[in-house]
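Could you walk me through a new structure, one feature at a time? I'd like to learn how to read each kind of feature and then look at a real case.

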Amino acid sequence: MDSTRAVERSEQDYAALVPHPRPDTNKYDRGVCLIIAGSASYPGAAALCSAASRCGAGYVRLCTPASAAEAARAHLASVPVTACAEEAGTFCLESLADIEPYLSRADAIVCGPGWTDTPAVEAFCAELIGCIEAPVLLDADALNVTAADPDLLRSCPSQVRVLTPHAKEAERLLGRPLDDSVADGEELARTFAATVIMKGADSYIIDSAQAPIGFFDGTAALAKAGTGDVLAGMVGALLSQGLSAVDAASLGVFLHARAASLAAERLSDVSVMPEDVIESVGPAILGLKG
């Protein structure tokens with residue numbers, strides 16, 4: 001693996017990127033983040049994306065299939081939840097009518113956590129992507145739909161795209177086994193005109209316009225289902241506050257790992273759950289040395 005070409009940012013670099021609010025700011029100035037996530041099978045994925053609030057977004061709205069909405073509301077007192085039309089517990093073409101009013105109001109949009117991969121979701125995703133102009137992050141099943149139709153992103157009006165594949169998702173997007181995380185990430189960045197977070201024990205932020213950024217101090221505490229949903233919400237929040245794709249992705253990955261490490265210090269690397277990572281985002285920001 002050619003990690004030697006990756007650069008590492010310092011803690012001071014990350015401290016400088018944190019979007020601390022101005023004293024006279026309001027919730028809309030702090031960024032509107034729209035999260036399109038969840039299904040009847042995975043309602044928790046939608047709730048875990050609420051980490052967007054912990055990363056500073058002033059207004060977070062969740063759109064989720066109707067059968068997942070009650071569970072989401074039970075966990076998200078401060079996040080408005082829109083119950084969308086569904087087919088067998090998943091998003092479908094009819095869901096778009098419920099989501100469209102919020103697309104133009106969003107400063108960033110997160111798509112994919114907990115969707116599942118069905119024909120109804122594939123049709124929904126194809127139509128949704130063609131409507132998105134704001135910076136967009138594709139995660140989980142949105143990546144799997146994209147892998148099945150590599151031309152899909154070419155219809156997306158947004159010029160700011162972040163992809164967050166783990167190894168298996170990256171293989172689906174490439175259509176082959178992984179060989180080298182940096183080179184493979186560069187291929188994905190070129191193919192999809194996107195900034196790519198190659199997730200793993202070592203993670204990389206890949207963008208065609210600059211050198212890869214590497215993270216080599218990950219923790220096994222993040223090797224649990226749901227932590228990727230947390231990361232998606234965190235990066236989406238940072239995008240909504242005006243950070244570039246590379247800065248939002250790198251700061252999100254850094255704070256995600258730092259929060260997991262702080263949670264592990266308190267609970268052990270055995271016991272950390274995704275919810276604990278969310279709870280530790282604030283201490284991770286407070287602990288940054290500028």
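What follows is a short dialogue between a learner and a teacher.

Q: Before we start, what kind of model is this?
A: This is a predicted model, in which local features need pLDDT of at least 70 and side-chain atom pairs count only at pLDDT 80 or more, while totals for chains, interfaces and linings use all residues. Residues are numbered from 1 along each chain as its sequence is written, and side-chain values use heavy atoms, with hydrogens and water left out.

Q: Let's begin with the sheet. How many strands does the open sheet have, and in what order?
A: First the general idea: strands (E, at least two residues) and helices (H or I, at least four) are DSSP runs, numbered from the N terminus. Two strands pair if DSSP finds at least two bridges between them. Here, nine strands make up an open sheet with mixed pairing, in the order β3-β2-β1-β4-β5-β6-β7-β8-β9.

Q: Which strands stand at the edges?
A: Those are β3 (81-84) and β9 (210-215); each has a single partner strand, so one side of each is left without a neighbour in the sheet. From one strand to the next, the twist averages 15°. For angles like that, axes are lines fitted to C-alpha atoms, for helices over the stretch in contact, and the angles run from 0 to 180 degrees between N-to-C directions.

Q: Can we zoom in on one pairing? How many bridges join β1 to β2?
A: Five bridges do, and the two strands, β1 (residues 32-36) and β2 (residues 59-65), run parallel. Within that pairing, C33 stands opposite V60 in β2.

Q: Which strands does helix α9 lie across?
A: Contact here means heavy atoms within 4.5 Å. Helix α9 (residues 181-192) lies across β6 (161-163), β7 (195-198), β8 (203-207) and β9, and runs at about 150° to β7.

Q: Now the cysteines. How many disulfides are there?
A: A disulfide is a pair of cysteine sulfur atoms within 2.5 Å. A search of the whole structure finds zero of them. Take C84, which is in no disulfide: the nearest cysteine sulfur, that of C63, is 4.6 Å away. For C111, the closest cysteine sulfur is in C125, 6.9 Å off, too far for a bond.

Q: Is C84 buried or exposed?
A: The rule is that buried means under 20% relative accessible area, exposed over 50%, and partly exposed in between (1.4 Å probe, protein chains only). C84 has a relative accessible area of 1%, so C84 is buried. C111 is buried too, at 0%.

Q: On to the rings. How many aromatic pairs does the structure hold?
A: Rings of Phe, Tyr and Trp (its six-membered ring) pair if their centres lie within 6.5 Å; planes under 30 degrees apart count as stacked, over 60 as edge-to-face and the rest as tilted. The structure holds seven such pairs. One of them is Y14 with F254: the ring centres are 4.3 Å apart and the planes are at 15°, so the pair is stacked. This pair links distant parts of the chain, with Y14 in helix α1 (residues 11-17) and F254 in helix α11 (residues 245-267), 240 residues apart. Y14 is buried at 1% relative accessibility, and F254 is buried at 11%.

Q: Why do Y204 and F216 count as edge-to-face?
A: Their planes are at 75°, with the ring centres 5.8 Å apart, so the pair is edge-to-face. Y204 sits in strand β8 and F216 in the loop between β9 and α10 (227-240), twelve residues apart. Y204 is buried at 0%, whereas F216 is partly exposed at 33%.

Q: Last topic: charges. How many salt bridges are there?
A: Side chains of opposite charge can pair when their charged atoms come close. A salt bridge is a side-chain nitrogen of Lys or Arg within 4 Å of a carboxyl oxygen of Asp or Glu. The structure holds eleven.

Q: Which parts does the pair of R5 and E186 tie together?
A: The closest N and O atoms of R5 and E186 are 2.8 Å apart. R5 lies in the segment before α1 and E186 in helix α9, so the salt bridge ties together parts that are 181 residues apart in sequence. R5 is partly exposed, at 35% relative accessibility.
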